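Colleague: I have a predicted model in front of me. Please pick a single part and take me through it closely. I am new to this, so short steps would help.

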Amino acid sequence: MAAIDGSWALEVATLAGSMHFDATLTTTGTVLTGTAIGPTGPIAIRGGRASGAPAESTLAPAGPLPMSLAVMLHVVGDRLTGTAQAGPYPPSTIVGTRTG
């Protein structure tokens, strides 16, 4: 089990304001998968890699604007920090707390 495995309450600070997500993350070897549930519904976590720090993945939310997000996450104990980068936009800050 990797440090990132488990359930997380995440807050993402975007240009449109703060967004809350409940995420479940799982690793198998170095492959990171899971689901993040937020204001627009569930989002599959794909293309994930967790081989040390940081963990990296790609999210493709359907709304409010369909786009692909490159996500980098760092885990220390039951806290998570990171960024989500959407194309030319500035990176959004991610903070989270383990919930399970």
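Modeller: What follows starts with the whole chain and then closes in on one strand and its surroundings.

Keep in mind that this is a predicted model, not an experimental one. The protein has 100 residues, and 36% of them count as buried. It contains eight strands and zero helices. Reading along the sequence gives β-β-β-β-β-β-β-β. About 5,500 Å² of the protein is exposed, and carbon and sulfur atoms supply 64% of that area. Now take contacts between residues with a separation of 6 or more. Residues 24 or more positions apart account for 23% of those contacts.

The part I pick is β7, which spans residues 79–85. Start with its two faces. L80, G82 and A84 make up the covered face. R79, T81, T83 and Q85 make up the uncovered one.

Next, look at the partners of β7. One is β6, residues 69–76. β6 and β7 run antiparallel and are joined by seven bridges. Within this pairing, M72 stands opposite T83 of β7. The two strands form a hairpin with two residues between them. In that turn, G77 has a positive phi of about 65°.

The other partner to look at is β8, residues 92–98. β7 and β8 also run antiparallel, here with six bridges. A84 has S92 in β8 as its bridge partner. This pair forms a hairpin too, with six residues between the strands. There G87 takes a positive phi near 50°.

Stay with S92 for a moment. This residue sits in β8. Its relative accessible area is 13%. Buried means under 20%, so S92 counts as buried. Setting aside residues up to four places away in sequence, S92 touches V12, A13, T14, G82, T83 and A84. G82 and A84 belong to the covered face of β7, while T83 belongs to the uncovered one. V12, A13 and T14 lie in β1, which runs over residues 6–14. A polar atom of the S92 side chain is 3.4 Å from the backbone oxygen of A13.

Now move along β8 to R98. R98 forms a salt bridge with D78, and their closest N and O atoms are 2.8 Å apart. Side chains of opposite charge can pair when their charged atoms come close. A search of the whole structure finds one salt bridge. R98 lies in β8 and D78 in the loop between β6 and β7, so the pair ties together parts that are 20 residues apart in sequence. R98 is partly exposed at 21% relative accessibility. D78 is partly exposed as well, with a value of 48%.

Turn next to the core. The largest nonpolar core has 20 residues, and I4, L10 and I94 touch the most other members. β1, β2, β3, β4, β6 and β7 each supply at least two residues of this core. In soluble globular proteins, nonpolar side chains tend to be buried together. L10 links back to our strand. Neighbours up to four places away aside, L10 touches M19, H20, F21, A23, L80, I94, V95 and G96. L80, you will recall, is on the covered face of β7.

E11 follows L10 in the numbering, and E11 is in strand β1. E11 is partly exposed, at 32% relative accessibility. Beyond four places in sequence, E11 is in contact with S18, M19, H20, T93, I94 and V95. The E11 side chain makes a polar contact of 3.0 Å with the side chain of S18. Another polar contact, of 2.6 Å, joins the side chains of E11 and H20. E11 and T97 are 86 residues apart in sequence, yet their C-alpha atoms are 9.2 Å apart in space.

To pull the picture together, return to β7. This strand pairs with β6 through seven bridges and with β8 through six. One face of β7 is covered and the other is uncovered. S92, the partner of A84, touches V12, A13 and T14.

Terms used. Residues numbered from 1 in each chain as written. Predicted model: local features only at pLDDT ≥ 70, side-chain atom pairs only at ≥ 80, totals over all residues. Heavy atoms only, no water. Helix = DSSP H or I, 4+ residues; strand = E, 2+ residues; numbered from the N terminus. Buried < 20%, exposed > 50% of the residue type's maximum accessible area, 1.4 Å probe, protein only. Contact = heavy atoms within 4.5 Å. Areas by Shrake-Rupley, 256 points an atom, 1.4 Å probe, with all protein chains shown as cover. Salt bridge = Lys/Arg side-chain N within 4 Å of Asp/Glu carboxyl O. Polar contact = N/O pair within 3.5 Å; in protein donor to acceptor, adjacent residues only side chain to side chain. Core = buried A, V, L, I, M, F, W, Y, C linked by side-chain atoms within 4.5 Å. Pairing = 2+ DSSP bridges.
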